[in-house]
Amino acid sequence: MSCSDDTEVLKPAGELTLQLPAGQEAVNMFGDVYGGWVASQLVLASEIRAGQEAQGRIATVSVGRMSFMSPVMCGTVLSFYTRVVERGNSSLRIQVEVWGRCPDGSELRKVTSAECVQVAIDRQGHIRSLPQQE
C-alpha cells in the first residue's frame, strides 16, 4: 500500500497518556482482547489526564459511546491519546483515542475512541473548582 500526496494518513490526536500491552488477562473466550478491558483502560487514561489537569482527585461522570474498528490481538501494544475538548468550572470533557501496534511492530491502527467527562472533587467527595490555567 502506498500513499500519494492527496491521501490523508491518520495519526493519533492528543497527548500520549497511557501505553501498555494487552496480555493474557485481557483475552476473551475467542482469543481476542475483551472490549471491556480496553474500555476500562480508556477510562483510566482519561482519569490520568483529568487528574493532571485538576491537580488532584477526580471522578468519572460519564463515558461516551465506543465503536471498535477491528479486533485486538493479545500482545498488541495499546496507546491512549488524550486531549481536553472542553474545560468547565469543575469538569473536563476529554477525548481519548486508542491506537494499537501489532505484536510484530509492523502496523499502527486506530482501535476505538470515546469522550469521557471528569469532575474535580475534594477529599470529602464534593465537587470543587478546577485550578486556574497558567
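Which residue in β5 does Gly100 stand opposite? The exercises below lead to this pairing and then to the packing and the salt bridges of the model.

The model is predicted, so local features need pLDDT of at least 70 and side-chain atom pairs count only at pLDDT 80 or more, while totals for chains, interfaces and linings use all residues. Residues are numbered from 1 along each chain as its sequence is written, and side-chain values use heavy atoms, with hydrogens and water left out.

**Exercise 1. Describe the sheet and place Gly100 in it.**

Step 1. Settle the terms. Helices (H or I, at least four residues) and strands (E, at least two) are DSSP runs, numbered from the N terminus. Two strands pair if DSSP finds at least two bridges between them.

Step 2. Establish the strand order. Five strands form an open sheet in the order β1-β3-β4-β5-β2, and their pairing is antiparallel. At the edges stand β1 (15-21) and β2 (58-63), each of which pairs on one side only. On average, neighbouring strands of this sheet are turned by 30 degrees against each other, direction ignored. For such angles, axes are lines fitted to C-alpha atoms, for helices over the stretch in contact, and the angles run from 0 to 180 degrees between N-to-C directions.

Step 3. Go through the pairs. Six bridges link β1 and β3 in the antiparallel sense, and Leu18 stands opposite Phe80 in β3. Between β3 and β4 there are ten bridges, also antiparallel; a hairpin of three residues joins β3 to β4. Strand β4 (residues 91-101) pairs with strand β5 (residues 108-120) over eleven antiparallel bridges.

Step 4. Answer the opening question. The residue opposite Gly100 is Arg109 in β5.

**Exercise 2. Determine how helix α1 is placed against the sheet, and what surrounds Gln41.**

Step 1. Locate the helix. α1 lies across β1, β2, β3 (77-87), β4 and β5, and runs at about 45 degrees to β3.

Step 2. Examine one residue of the helix. Gln41 is found in helix α1 (residues 35-54). Its relative accessibility is 13%, so Gln41 counts as buried; buried means under 20% relative accessible area, exposed over 50%, and partly exposed in between (1.4 Å probe, protein chains only).

Step 3. List its contacts, where contact means heavy atoms within 4.5 Å. Residues up to four places away in sequence not being counted, Gln41 touches Leu18, Leu20 and Phe80.

**Exercise 3. Describe the largest nonpolar core and the surroundings of Val98 and Gln95.**

Step 1. Define the core. A nonpolar core is a set of buried Ala, Val, Leu, Ile, Met, Phe, Trp, Tyr and Cys residues joined through side-chain atoms within 4.5 Å. In soluble globular proteins, nonpolar side chains tend to be buried together.

Step 2. Identify its members. The largest nonpolar core has 25 residues, and those with the most contacts inside it are Val33, Trp37, Leu42, Leu78, Phe80 and Val98. Two or more residues each are given to this core by β1, α1, β3, β4 and β5. The largest share, seven residues, comes from α1.

Step 3. Follow Val98. Not counting residues up to four places away in sequence, Val98 touches residues including Val38, Leu42, Leu78, Phe80 and Val111.

Step 4. Turn to a polar residue. Gln95 lies in strand β4 and counts as buried because its relative accessibility is 14%. Neighbours within four places in sequence aside, the contacts of Gln95 include Tyr81, Thr82, Arg83 and Ser113.

**Exercise 4. Count the salt bridges and trace those of Arg93 and Glu53.**

Step 1. Apply the rule. A salt bridge is a side-chain nitrogen of Lys or Arg within 4 Å of a carboxyl oxygen of Asp or Glu. By this rule the count comes to five salt bridges.

Step 2. Trace Arg93. Glu86 stands opposite Arg93 in β4, and Arg93 forms a salt bridge with Glu86 whose closest N and O atoms are 3.1 Å apart. The side chains of Glu115 and Arg93 also meet in a salt bridge (2.9 Å, N to O). Because Glu115 lies in strand β5 and Arg93 in strand β4, this pair ties together parts that are 22 residues apart in sequence.

Step 3. Trace Glu53. In the salt bridge of Glu53 with Arg49, the closest N and O atoms are 3.4 Å apart. Both residues, Glu53 and Arg49, lie in helix α1, four residues apart, about one turn of the helix. Glu53 is partly exposed at a relative accessible area of 21%, whereas Arg49 counts as buried at 10% relative accessibility.
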